[in-house]
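Hi,

Here is the structure I said I would pass on. Have a look at it first, and then read my notes underneath.

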Amino acid sequence: MKALRFIFYILLVVMMPVVFYMALVWVPPAMGLGDASRILYFHVPVAWSSVLAFLAAGYYSVRYLTKEDYRYELYAWNAAFTGLVYSTLTVVTGSIWAHISWNIWWNWDPRETSAVILLLIYIAYISLYSSLKERPGRGKISAVYLIIAAVVMPFLVFIIPRIYWSLHPDMIFNTKNKFDMESSMRITLFTSMGVFTLLYFFIINLMNRAAVLEKKIQEKIHDN
Amino acid sequence: MENRIYKHLKKDILVEFRNRSAVNISFAFAGITTIAVSLASGGIRLDANIQSILFWIIIFFSGMSGLAHTFIREEEERTALFLAIHSIPEEVYISKLLFNLVFFIFIALVVSPLYIFFMHAIPVHFTHFCLTVLFGSIAIASVSTILGAIVSKAENRGTLFTVISFPLMLPVLWIAIMNTTASLEPGAAPGFQSILFLLAFSGVIISASYLSFKFIWME
């Protein structure tokens with residue numbers, strides 16, 4: 001397990017500078033948008049990570065309800081918290097990109113609206129979790145909310161932007177289900193998404209381990 | 001099981017109509033806001049888009065005051081524990097869902113004619129308008145039933161219900177507003193893609209809620 005974790009860290013440490021080099025130097029700028037278009041290689045992976053956080057929160061919540069292991073409650077909270085950070089970054093980078101391409105910071109485009117709703121769901125979860133403080137069923141009740149939110153997420157991220165016309169370009173596939181991107185841009189985007197996925201798992205793994213340790217220390221102090 | 005669900009539903013309807021607080025407040029809210037919006041607009045004919053936004057805001061807030069009430073009442077009157085011992089959670093969930101569906105469809109039935117009358121918002125595509133109102137109401141009632149159960153266990157119930165329900169209901173409101181706009185505007189009849197969206201949304205939420213309800217109820 002330790003060796004696997006070591007390989008994972010090495011991969012992340014080596015690949016992250018590679019992604020920065022590819023996105024900022026190697027890939028040519030998009031036609032008509034100039035160097036500013038390079039934000040794409042960070043905005044899309046960050047948005048993808050916020051979806052990953054949603055899935056992780058839903059998964060840990062299901063595990064908590066079925067196994068009743070206190071660690072999954074902590075994991076679900078961590079996943080939701082990282083989701084909040086990633087959603088905020090998605091909204092901010094998206095807004096910068098919107099300003100560059102459409103000369104407007106915000107226009108309630110279906111994809112922009114979906115990102116804001118995801119952010120609001122995370123804020124709502126944190127409000128719910130805080131208001132259930134001191135209740136024995138806190139973990140289970142908030143886990144149900146995360147499961148309902150995870151079920152709503154595909155409607156927001158994958159269905160609504162495809163029902164209504166959007167200024168936002170299709171992320172990977174166009175309406176004909178074909179790549180609409182130059183090969184170097186595509187390679188950079190997919191590499192960046194892969195490395196950001198590794199980064200997400202690195203962060204969530206670290207947070208989960210720290211949360212379990214913190215809980216154990218608290219219990220030890222309480223016992224003494 | 002069906003017989004017990006029917007008994008729970010009958011009990012909820014009887015208790016609600018004897019007490020009448022949630023029903024009265026919701027219907028009064030619906031009527032007053034519709035008249036207030038009409039009065040404030042001073043008879044001006046608004047765009048279809050603005051008409052549908054106002055229409056769904058009225059429906060949403062009219063329902064908000066009553067939809068969580070069915071679970072909160074059980075907690076406040078301390079009957080929740082008795083119900084948890086006496087019935088299986090799935091029965092309770094289905095009966096509360098049916099109550100909320102009936103309640104919200106009633107709200108929509110009161111608001112829609114009032115709104116059409118006072119705001120001169122005559123739907124061009126009447127079938128599409130009715131289907132949007134019906135399936136939009138079903139979707140809102142399905143989300144608010146499980147969220148009502150969640151907030152009944154928390155502090156600051158009223159405020160929390162709005163905070164946690166709004167982001168999950170936004171997709172429904174968004175689609176319903178766009179659909180209502182299309183049904184108010186002349187031109188080709190809108191497609192049924194969005195109606196299917198509302199139906200699928202309700203189906204998924206009801207399934208997830210049915211499976212997870214026992215974890216909230218037995219706490």
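How many helices and strands does chain A have? The count is six helices and zero strands. Before you go further, please keep in mind that this is a predicted model, and everything below was computed from it.

Starting with chain A, then. Reading from the N terminus, its elements go α-α-α-α-α-α. If you take the C-alpha trace along the principal axes, chain A spans about 65 × 40 × 30 Å. The chain has 224 residues, and 50% of them count as buried. As for how the chain comes together, take the contacts in chain A with a separation of 6 or more: 74% of those are between residues 24 or more positions apart.

On the outside, chain A has an accessible surface of about 11700 Å², with carbon and sulfur atoms making up 67% of that. Its charged side chains come to 19 positive and 13 negative, and the centres of these two sets are 7 Å apart.

Now for chain B. Here you will find nine helices and zero strands, in the order α-α-α-α-α-α-α-α-α along the sequence. Chain B is as compact as a globular protein of its length, because its radius of gyration is 18 Å, close to the 17 Å that the globule rule gives for 219 residues. The box filled by its C-alpha atoms is roughly 55 × 35 × 30 Å along the principal axes.

Of those 219 residues in chain B, 55% count as buried. When you look at chain B contacts with a separation of 6 or more, residues 24 or more positions apart supply 86%. The area that chain B exposes is about 9500 Å², and 70% of it comes from carbon and sulfur atoms. Its side chains include 13 positive and 13 negative ones, and 7 Å lies between the centres of the two sets.

One helix to pick out when you have the model open is helix 6 of chain B, which covers residues 89-119. This helix has 31 residues, and the distance from its first C-alpha to its last is 43 Å, close to the 45 Å expected at 1.5 Å a residue. Right after helix 6 of chain B comes B:His120, which has a positive phi, near 50 degrees. If you want to follow side chains along a helix, a general point helps: an α-helix has 3.6 residues a turn, so residues three or four places apart point the same way.

Cheers

Methods:
Residues are numbered from 1 along each chain as its sequence is written. Chains are lettered from A and ligands numbered from 1 in the order in which they are written. This is a predicted model: local features need pLDDT of at least 70, side-chain atom pairs count only at pLDDT 80 or more; totals for chains, interfaces and linings use all residues. Side-chain values use heavy atoms; hydrogens and water are left out. Helices (H or I, at least four residues) and strands (E, at least two) are DSSP runs, numbered from the N terminus. The radius of gyration is taken over C-alpha atoms; the globule rule is 2.2 Å times the number of residues to the power 0.38. Buried means under 20% relative accessible area, exposed over 50%, partly exposed in between (1.4 Å probe, protein chains only). Contact means heavy atoms within 4.5 Å. Accessible areas come from the Shrake-Rupley method with a 1.4 Å probe; for residues, only the protein chains shown count as cover. Lys and Arg count as positive and Asp and Glu as negative; His and the chain ends are not counted. The place of a charge is taken as NZ of Lys, CZ of Arg, CG of Asp or CD of Glu. The expected span of a helix is 1.5 Å times one less than its number of residues.
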